[in-house]
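I opened the notebook to look up empty space and the ligand site in this model. My notes follow in the order I took them.

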Amino acid sequence: MSAGNSPIVWNELMEIIIQPTADAATDIAARIIARLLRGKPDAVLGLATGSTPLRLYRKLIAMDLDWSRVTTFNLDEYIGLPREHPQSYHSFMWENLFRHINIAADHIHIPDGNAADIPDFCACYEQQIANVGGIDLQVLGIGTDGHIGFNEPTSSLASRTRIKTLTGQTRLDNARFFGSERDVPHHVITMGIGTIMEARQNLLLAFGPNKARAIAEAVEGPITSINPASILQMHPVVKVCLDEPAASDLQRADYYRWVYAHKPDWQAY
Ligand code: F6R
């Protein structure tokens with residue numbers, strides 16, 4: 001059988017891709033997304049915000065892809081922050097991706113942190129994802145505490161889109177965007193871990209030494225809600241794109257490098 005033409009989704013489980021730089025790791029992530037969009041022009045993408053995917057969005061913009069039939073769902077949003085606030089994830093996405101591509105505005109979904117009825121909004125968000133047939137590929141960053149989306153440690157591994165309270169660590173980590181920790185909202189809407197696990201593919205990016213411990217726990221530690229990203233070990237198609245500093249606590253880094261260097265051509269990105 002020619003694996004390259006097979007309609008079978010090859011379950012590679014968690015694939016760890018370690019590159020010398022964040023730029024090189026992002027190149028691979030961008031190629032994976034570009035390949036999806038070229039093969040499935042009406043793909044449904046799950047998107048993340050924060051510092052990690054910025055380079056990815058710049059690369060995708062430069063690739064001049066056709067986004068006209070693509071649908072997107074963002075992972076999370078701060079509650080109570082006006083949509084126009086420069087640090088709202090709504091502003092982030094328009095500034096860093098949407099205004100540069102030919103996506104249809106009504107295909108864009110970002111949680112509404114000012115919804116009058118947040119539980120009802122969250123249920124509708126889940127329904128909207130289901131209505132378009134689910135997420136083909138979910139882009140993820142990771143918090144220094146192992147959160148994905150804003151599913152903080154001890155989040156239910158089966159959770160759905162809902163309100164969450166940020167930990168002190170995450171508010172401290174995100175104070176760099178707001179100028180002071182005091183201004184970082186306490187509450188967010190986030191897709192749940194159960195929601196993320198239903199994406200057909202997850203693409204986790206992590207760069208820099210401050211992500212090393214969370215990545216090592218997520219990839220090589222036990223599956224535990226203390227490190228929510230560790231649940232990805234149970235997902236059938238996950239790619240983890242790392243720079244060397246983010247990979248520096250991995251016990252089996254040499255093995256992952258060897259596996260990646262010896263992938264058959266049909267599996268290369
Ligand atoms: C953002 C999100 C978060 C971030 C994480 C890392 O939409 O879902 O999980 O990915 O907090 O943030 P950065 O990339 O700023 O280190």
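**Cavity search**

I searched the whole structure for enclosed space and found one cavity of 30 Å³ or more. I kept in mind that this is a predicted model.

I then looked up the volume of the largest cavity. The value came out at about 60 Å³.

Which residues line the largest cavity? I listed Glu77, Tyr78, Leu81, Arg83 and His90, together with Ile110, Pro111, Asp112, Gly113 and Asn114. I sorted this lining by class. It has four nonpolar, three polar and three charged residues.

**Second largest pocket**

Next I turned to the open space. The second largest pocket holds about 450 Å³. I found 28 residues in its lining. Closest to the centre of this pocket are Thr49, Gly50, Thr52, Ile142 and Lys211.

I checked which helices take part. At least two lining residues come from each of α2 (54-62) and α5 (168-178). Which element gives the most to the lining? I noted α5, with five residues.

I also took the class split for the lining of the second largest pocket. I counted 10 nonpolar, 12 polar and six charged residues.

**Ligand site**

Where does the ligand sit? I placed it in the second largest pocket.

I looked up the shell next. The ligand has 15 residues around it. The closest are Thr52, Asp76, His147, Gly149 and Lys211. By class, I split the shell into four nonpolar, eight polar and three charged residues.

Thr52 and Lys211 came up twice in my notes. They are among the residues closest to the pocket centre, and also among those closest to the ligand.

**Polar contacts and burial**

I went through distances to oxygen atoms of the ligand. For Thr52, an N or O atom of the side chain is 2.4 Å from a ligand oxygen. For Asp76, a side-chain N or O atom is 2.7 Å from a ligand oxygen. For Ser51, the atom belongs to the backbone: an N or O there lies 2.9 Å from an oxygen of the ligand.

Last, I asked how much of the ligand the protein buries. Taken alone, the ligand exposes 410 Å². The protein buries 95% of that area.

How values were computed: Residues are numbered from 1 along each chain as its sequence is written. This is a predicted model: local features need pLDDT of at least 70, side-chain atom pairs count only at pLDDT 80 or more; totals for chains, interfaces and linings use all residues. Side-chain values use heavy atoms; hydrogens and water are left out. A residue is near a molecule or strand if one of its heavy atoms lies within 4 Å of it. A polar contact is a pair of N or O atoms within 3.5 Å; within protein, one must be able to donate a hydrogen and the other to accept it, and residues adjacent in sequence count only if both atoms are side-chain atoms. Accessible areas come from the Shrake-Rupley method with a 1.4 Å probe; for residues, only the protein chains shown count as cover. On a 1 Å grid over the protein atoms alone, a cavity is a set of points where a 1.4 Å probe fits but cannot get out, and a pocket is an open set with protein on both sides within 12 Å along at least five of seven lines; lining residues have an atom within 4 Å of a point. A molecule sits in a cavity or pocket if more than half of its atoms lie within 2 Å of its grid points. Ala, Val, Leu, Ile, Met, Phe, Trp, Tyr, Cys and Pro count as nonpolar, Asp, Glu, Lys and Arg as charged, and the others, Gly among them, as polar. Grid points are joined across faces, edges and corners, and a volume is the space filled by probe spheres set on the points. Helices (H or I, at least four residues) and strands (E, at least two) are DSSP runs, numbered from the N terminus.
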